[in-house]
Amino acid sequence: MKKQSAESRFALCIESRDCEDLEKRKFYQILPDEEAGREGYLRVVDESGEDYLYPESYFMVIELTRQAREALVAAN
């Protein structure tokens with residue numbers, strides 16, 4: 001798994017169909033992956049603590065304040 005930082009981006013899970021390692025209404029860290037993005041996927045650090053590709057439609061990418069990002073990173 002890649003190192004987390006306060007500059008991390010996050011997304012809200014809005015669908016978890018057939019995904020045991022995702023929970024609806026939970027925030028997840030997303031990692032940069034341009035190739036996956038071109039194919040309609042996001043690289044997400046899921047409940048297993050590892051990063052995997054999930055359909056972009058399962059998430060709403062959100063902009064958080066610096067304080068919110070720091071709090072979410074510290075919680076992990």
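1. In this predicted model, Phe-10 stands opposite Gln-29, a residue of strand β2. The two strands concerned are β1, which covers residues 9-13, and β2, which covers residues 27-31, and they pair in the antiparallel sense over four bridges. As a general point, strands of a sheet pair through backbone hydrogen bonds, either parallel or antiparallel.

2. The β1-β2 pair belongs to an open sheet of five strands, whose order is β4-β3-β2-β1-β5 and whose pairing is antiparallel. At the edges of this sheet lie β4, residues 51-55, and β5, residues 59-62, each of which pairs on one side only. From one strand to the next, the twist averages 45°.

3. For a reader tracing the chain from its beginning, the succession of elements is β-β-α-β-β-β-α, which corresponds to two helices and five strands. Among contacts between residues at least 6 apart in sequence, 45% join residues that are at least 24 apart.

4. Of the 76 residues in the chain, 32% count as buried, while the accessible surface comes to about 5300 Å², with 46% of that area belonging to carbon and sulfur atoms.

5. Which residues make up the largest nonpolar core? It consists of eleven residues in all, namely Ala-11, Cys-13, Cys-19, Leu-22, Tyr-28, Ile-30, Leu-42, Val-44, Tyr-54, Tyr-58 and Phe-59. Strands β1, β2 and β3, the last of these spanning residues 41-45, each supply at least two residues of this core. In soluble globular proteins generally, nonpolar side chains tend to be buried together.

6. Cys-19, one of the residues of that core, deserves a separate look. When its neighbours within four places in sequence are left aside, Cys-19 is in contact with Tyr-54 and Tyr-58; both tyrosines are likewise listed in the largest nonpolar core.

7. Turning to charged side chains, the structure holds five salt bridges, and one of them joins the side chains of Arg-43 and Asp-33, with a distance of 2.8 Å from N to O. This pair links distant parts of the chain, since Arg-43 lies in strand β3 whereas Asp-33 lies in the loop between β2 and α1 (34-38), ten residues apart. Asp-33 has a relative accessible area of 24%, so it is classed as partly exposed rather than buried, the cut-off for buried being under 20%.

8. Arg-43 also forms a salt bridge with Asp-51, where the closest N and O atoms are 3.0 Å apart. Is this second pair buried or exposed? Both Arg-43 and Asp-51 are buried.

9. A further salt bridge is formed by Glu-70 with Arg-66, their closest N and O atoms being 3.0 Å apart. These two residues are four apart in helix α2, residues 66-75, and are therefore separated by about one helical turn. Both partners count as partly exposed, Glu-70 at 34% relative accessibility and Arg-66 at 47%. Elsewhere, salt bridges that share partners join Asp-33, Arg-43 and Asp-51 into one network.

Methods:
Residues are numbered from 1 along each chain as its sequence is written. This is a predicted model: local features need pLDDT of at least 70, side-chain atom pairs count only at pLDDT 80 or more; totals for chains, interfaces and linings use all residues. Side-chain values use heavy atoms; hydrogens and water are left out. Two strands pair if DSSP finds at least two bridges between them. Axes are lines fitted to C-alpha atoms, for helices over the stretch in contact, and angles run from 0 to 180 degrees between N-to-C directions. Buried means under 20% relative accessible area, exposed over 50%, partly exposed in between (1.4 Å probe, protein chains only). Contact means heavy atoms within 4.5 Å. Accessible areas come from the Shrake-Rupley method with a 1.4 Å probe; for residues, only the protein chains shown count as cover. A nonpolar core is a set of buried Ala, Val, Leu, Ile, Met, Phe, Trp, Tyr and Cys residues joined through side-chain atoms within 4.5 Å. A salt bridge is a side-chain nitrogen of Lys or Arg within 4 Å of a carboxyl oxygen of Asp or Glu.
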